[in-house]
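Biologist: I am new to this protein and would like to go through one of its domain interfaces. Please show me the model.

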Amino acid sequence: MCGIVGYVGEREALPIILKSLKRIEYRGYDSCGILVQDNGKMHVYKSVESIDYLKANLSESEYDGKIGIGHTRWATHGAPSKKNAHPHLDCKGEIAVVHNGIIENYQSIKDGFLSNCAFKSETDTEVIPHLIHQTFGKFDQNASQQTFGKFDQNASQIKEAVKEALSRLNGSYAIIVAVEGFDGLIAARKESPLVIGVGDRENFIASDVPAVLEQTNRIIYLEEGDIAIVKRDSIYIENSGSEVKREETLIEWTIEDAEKGGYEHFMLKEIHEEPKAIIDTLRGYLAEDEINFGVDFKIEGDAKGKSILMVACGTSYYAALCGKHIIENLAKVPVQVELASEFNYSDFVLDGTNVMVMAITQSGETADTMMALKKAKRYGCKTVAITNVLGSSATRTADETIYIRAGPEIGVAATKSFIAQLVIFYLLGLFLAKMPESEFLEHLEELKRMPQIAMMVLDEEDITIQKHARYLSKYEHAFFVGRGVNLAISLEGALKLKEISYIHAEGYAAGELKHGPFALLTKDTPVIAILTRDNIYEKTLGNVKEIKARGSPVIAIAEEGDEEVEKYVDEVIRVPKTGAIFSPIPNTVALHLLAYWTAKERECEIDKPRNLAKSVTVE
Ligand code: F6R
């Protein structure tokens, strides 16, 4: 995700802004930018290189000015480039904004209210400074001139203009606004975090605590809908039109703890970000009950000879297997899934005119998946990359790209990116579906409930999941079983457990164990069974009974209210009830937590498991 920082005080702003940005560098970024206000004049510096590069290319004379803002960008709208890097300014270059989040209705604002403005970037953010500029006229007695400096730093007018501009936005934001000649900064948030670091005759603003922790540990967490005027020696916060007081929190974490948001590991932080990854991914393509990927592809729902082939590796392969069920269930379009490393050397027969190939890859750099993508192109297939990383190799190779919006993932084991991939498949399934509108809307409503459903599973972490993890951590072998859309989730659960806890775990179709693996079932081989109440529930329950009869302890992942299951298993992890096709979301969150807490119990190196790398760029 992007990071934003701001400073207003008595010291030179530039080194402080650069240092703060360095502190959030670990989150990943593709470009960066800063603005310093020197004697009322604004100076902007941007780079598609690193923060160090930006620093090295600034001359000493530019190290002046006591107000500054900065940004690290993780591109969502528009490629990583200098022109798309923040801060973004209005037409006159008097209002500058750094922004975290996504403005959903930016295009309609550009085409409508701001149709007279000359935009310099492809970003959603750029509408904000232009909107502030336009709306400021309303609060300015000399609107015709619309020049800010002469207003003698009228904080209240500027704040009102920012509020008015923000009221036109749909989406999420944490923003910092600098205005030429104004001796402070305006900060505002909606659904994106923002904090104020309180200093002595200086104050800091940041999207993340680690950005300011080296300067101060006195932190004010802004709340939903807050707008703040931050000056050198004052902080004014308003919400819904009235002044509000926000308590200072004294942060005792080290900087390293703070980078992980107070979580012990990135993986745990990222699992806790799964609801947000769902929200952000939905927000990218869903507006007013319409799904729009903004890319050029169509596949007829009745699939006369048309089909999709997905190629992927590892966790992304399991996401694709789940995606196959989702798309076939919702859209009735045939989907085939191949491991990229196998596809590359197989005699696979590809009909380039009828098969659309989708490369599923979080990093967009996996060598096997890249090779598969190139092979598909050689066959003349239309290709689509589904990835988390803007500008990655997959995006440059495929004809079209659909971004998952999980934000940077630091833990080697993929978690929130897997969930975001599933969300894309739900959206794709509904996009391609030819179902009655009422049915479509019913599915959509269920999909929109998923962030809340994921949150409810996270609430079970302390009570049940940690208890089951302690139990599981004593074993050296485990099976994960599921059927239908949840077979892929059992494979994902097993992969997550084995890679971070080093317990040998295998994911299996529940009905398949009797064809061989039964020989391994003993009291020392626990089985984690996904028992969603779907159309094959009774069959899966039958498989569980067979497993129990062989003496294996069984932990079930089962829906709230399913009392039946208690009779046949040893332990139950409860997840909220959803439409069966959506059950992979809560089941995945539960299994990610189970893997994490089991590995923690075994004192493993969770974020960097042995022998593994985040991005596998060799064959
Ligand atoms: C496991 C994991 C890996 C990746 C695989 C593909 O938790 O992260 O299995 O899923 O290396 O990576 P991407 O999706 O970047 O192509």
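Biologist: How many salt bridges does the rule find across the interface of domain 2 and domain 3?

Modeller: This is a predicted model, with domain 2 assigned to 259-448 and domain 3 to 456-605. A salt bridge here needs a side-chain nitrogen of Lys or Arg within 4 Å of a carboxyl oxygen of Asp or Glu. Across this interface, the number found by that rule is 1.

Biologist: At what N to O distance do the side chains of Lys600 and Glu264 meet?

Modeller: The side chains of Lys600 and Glu264 form a salt bridge. The cut-off for such a pair is 4 Å. For Lys600 and Glu264 the N to O distance is 3.2 Å.

Biologist: Which element gives the largest share of the side of domain 2 that touches domain 3?

Modeller: Several elements give two or more residues to that side, including helix 7 (266-272), helix 8 (274-285) and helix 13 (416-432). Helix 9 (314-331) is also one of them. The largest share is 8 residues, and these come from helix 9.

Biologist: How many residues of that side of domain 2 are nonpolar?

Modeller: In total, 28 residues of domain 2 are in contact with 25 residues of domain 3. On the domain 2 side, 3 are charged and 8 are polar. The nonpolar residues there number 17.

Biologist: What is the area buried between domain 2 and domain 3?

Modeller: The C-alpha centres of the two domains lie 25 Å apart. Carbon and sulfur atoms give 75% of the buried area. The area buried between domain 2 and domain 3 is about 2300 Å².

How values were computed:
Residues are numbered from 1 along each chain as its sequence is written. This is a predicted model: local features need pLDDT of at least 70, side-chain atom pairs count only at pLDDT 80 or more; totals for chains, interfaces and linings use all residues. Side-chain values use heavy atoms; hydrogens and water are left out. Domain bounds come from an automatic or database domain assignment. Contact means heavy atoms within 4.5 Å. Buried area is the accessible area (1.4 Å probe) that two parts lose on being put together, summed over both. Helices (H or I, at least four residues) and strands (E, at least two) are DSSP runs, numbered from the N terminus. Ala, Val, Leu, Ile, Met, Phe, Trp, Tyr, Cys and Pro count as nonpolar, Asp, Glu, Lys and Arg as charged, and the others, Gly among them, as polar.
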